[in-house]
Amino acid sequence: ERGGEITRFMAACAAFRRRRADLFAAGGANVSWRDLGGQRAPAWESADAPPQLMCRRHAAAAPGAKAVAASAIGGETRETVVTQDAVAVWNCGSGVARAAIGQPPIGYAWVRVMDTALAAPADCELAYINLAGPQGTYLVAPHAVVLLELAPAPEGLPPTAEQVEAARAAAERRARRIP
């Protein structure tokens, strides 16, 4: 069907926006813009700034808050821990870029909402993904946009070794801060 791929893609974008209306509820107060390493704010005014950018919308709800919600994949309704984290990555460069998204907390998983580098229909099919290494790296293809969302992990899915290591490192950092 002529225009079918773009129609399907736009429908998936609209469905995400409807499902995640909360993303814009705080007026941007819980949004951070970073380089792909996740550490520095972008050099907005610099003509030499890299052509990659990451935006993270941080959860507004307290971790562990319970609610009845539809699962990101499958749509079945069940009591879940509400998370609202979402990450968008833009790679406007001509090479593959590494985005340090971060490993999800134990009991959670990243869901790929869209990756414009993938062939249709995979470009906007919801899929649980594993990120590489302790920083939770996702490879972003040239001239691509990626949208990820943190969601409760499927039941019975054990944490990855990277998640366990990231949780251990986070606990050590917290212990050093608390006298």
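Let me start with a term: a residue is buried under 20% relative accessible area, exposed over 50%, and partly exposed in between, taken with a 1.4 Å probe and protein chains only. Keep that in mind for the tryptophans.

What we have here is a predicted model, where local features need pLDDT of at least 70, side-chain atom pairs count only at pLDDT 80 or more, and totals for chains, interfaces and linings use all residues. Numbering runs from 1 along each chain as its sequence is written, and side-chain values use heavy atoms, with hydrogens and water left out.

OK, the layout. There are two helices and 10 strands, going by DSSP runs (H or I of at least four residues for helices, E of at least two for strands), numbered from the N terminus. One helix opens the order of elements, then come the strands, and the other helix closes it. Of the 179 residues, 34% are buried.

Now the sheet. Six strands make an open, antiparallel sheet, in the order 1-2-5-10-7-8; pairing here takes at least two DSSP bridges between two strands. At the edges sit strand 1 (31-34) and strand 8 (127-129), each paired on one side only. Strand 8 is held to strand 7 (residues 108-115) by three bridges, and Val111 stands opposite Tyr128 there.

So what about those tryptophans? Trp33, Trp44 and Trp90 form one aromatic cluster. For ring pairs, the centres of Phe, Tyr or Trp rings (for Trp, the six-membered one) lie within 6.5 Å; planes under 30 degrees apart are stacked, over 60 edge-to-face, and the rest tilted. The whole structure has two such pairs. Trp33 and Trp44 have centres 5.7 Å apart and planes at 75°, so they are edge-to-face. Trp33 is in strand 1 and Trp44 in the loop between strand 1 and strand 2 (52-57), so parts 11 residues apart in sequence get tied together.

Which of them are exposed, and which partly exposed? Trp33 is partly exposed at 33% relative accessibility, Trp44 is exposed at 55%, and Trp90 is partly exposed at 29%. The rings of Trp33 and Trp90 also have centres 5.7 Å apart, but with planes at 25°, so this pair is stacked. With Trp90 in strand 5, the pair ties together parts 57 residues apart in sequence.

Last, the inside. The largest nonpolar core (buried Ala, Val, Leu, Ile, Met, Phe, Trp, Tyr and Cys joined through side-chain atoms within 4.5 Å) has 17 residues, and Val89, Ile101, Trp110, Tyr138 and Val140 touch the most other members. Strand 10 gives the largest share, four residues.
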